[in-house]
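Biologist: Could you take me through one part of this model closely, helix by helix? I'd like to know how the pieces there pack against each other.

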Amino acid sequence: MNLRGRLGEQLVIEEIGGEIFALATKIFPICRSITGNGVRQTLREIGAHVALETHEVPTGTKVFDWTIPREWNIRDAYIKDSRGEKVVDFTRSNLHVVSYSVPVHRHMSLAELSQHVHTLPEQPDLIPYRTSYYSENWGFCMPHRQFENLREETYEVLIDSSLEDGYLTYGEYLHKGETTDEFLLSAHVCHPSLANDNCSGVALLTHLAKRITRLRTRYSYRFLFAPGTIGAITWLARNENNSQRIKHGLVISMVGDGGGPTYKKSRRGNAKIDRAIAHTLRHSGLTPTILDFFPYGYDERQYCSPGFNLPVGLFQRSRFAEIPQYHTSADNLDFIRPDHLARSYRLIAETLDVIENDAIYRNTMPKCEPQLGKYGLYGQVGGDKEAAAANMAMLWILNLSDGTRSLLDIADHADLPFTIVFSTARKLQQLGLLLLDAR
């Protein structure tokens, strides 16, 4: 394999943040849950950008210890006061209804209604996000301040929903590379109008897939858009025999705000993806947080379950559950920004660049340094702006390329960005001073 060009540079375009934000804006109003038409509509929007393959798994299908639930859809919901005014209206915010609420149409007192209302007393002006996936129940969510102002009277309550045998739906796109070894990129599509969690991740991966489909890559890249937990479990159950093709992976969520970045390692702790993204973040100019694996969070806990133990980590900006906007109506389109989305995209693209181009080389002149001046190398590799770093990279590469260390090993050891080490190594290879180790 010849040293190929930088994948990161080929993936990034100037307007990428705006394009990701535009798609996040388009899918934001859709009422998604773990099943139903909202998921299908979201996958259709993704499919407008990339050749997505959609899968439907019937209710009742066993997937390891889980069973595909009945499909949930909702058409309307409200709470009306005695004057017929809607004090809660699903059409204004789909967060107003507890996801998977069973249908109800009744008149009831405030005391009875209050048993089915969820609020955030500590954030009185926000609507919380709540679910009831696996137990039949119903409920509404509203700002606590509004709830406190409700009068003692009779209220009409309507949730026009259905819970019937149907399907769990997920979508995937496979970009085939030179090998069948895969890089998995996964985002959950089960949250309703929450911009950062996870319209941002869905939109980012869609545009990453759209760009990568045009490129020649070493690895194959599998993009998975599935409901959280049950979706990943279903995919693993249906792809158990091929799951070991996954050599690297990232779960992407909450990538549109300005916090972090945050990376949670795979269960292995020292997988190449763990090292590659840690390296990228260390040289990003930001202040990253690197966390050891723990069995709670997003779908990385399914991919990293002991029976699979895949090398899959979690990339976010702010860490989930640690910001006030998390799972509230404050996670709206004002909370995410195109420049933050673009920065997250670039960090992921640069990590893919490391994975794609990392390799082991041998110095073809290992007995003392070659006379670098006659090759025109000093002060020229990488251009004047990066000459000093490139010169040091050249010396480190020649010294450590003994067939035992990869370019990432050398970059970490020398505390230099992988991009400089890679571009310098490519120049050395072109001049015959480096040779790919074929082992």
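Modeller: Happy to; here is a close look at helix α13 and its two helix partners. This is a predicted model, in which local features need pLDDT of at least 70, side-chain atom pairs count only at pLDDT 80 or more, and totals for chains, interfaces and linings use all residues. Residues are numbered from 1 along each chain as its sequence is written, and side-chain values use heavy atoms, with hydrogens and water left out.

Helices here are DSSP runs of H or I with at least four residues, and strands are E runs of at least two, numbered from the N terminus. Helix α11 (residues 387-400) packs on helix α13 (residues 418-430) at about 65°, their axes 9 Å apart; axes are lines fitted to C-alpha atoms over the stretch in contact, with angles from 0 to 180 degrees between N-to-C directions. The two are therefore roughly perpendicular (65 to 115 degrees). From α11 come A389, A390, A393, M394, I397 and L398, and from α13 I420, V421, T424, A425 and L428, contact meaning heavy atoms within 4.5 Å.

Much of α11 can be listed as buried (under 20% relative accessible area, 1.4 Å probe, protein chains only): A387, A390, N391, A393, M394, I397, L398 and L400. Their cover includes β17 (360-363), β18 (402-406), α12 (407-414), α13 and β19 (434-436).

Helix α12 also packs on α13: their axes come within 9 Å and cross at roughly 125°, which makes α12 oblique to α13. Here L407, L408, I410 and A411 of α12 meet F418, V421, F422 and A425 of α13.

Note on methods. Parallel < 35°, antiparallel > 145°, perpendicular 65-115°, else oblique. Buried < 20%, exposed > 50% of the residue type's maximum accessible area, 1.4 Å probe, protein only.
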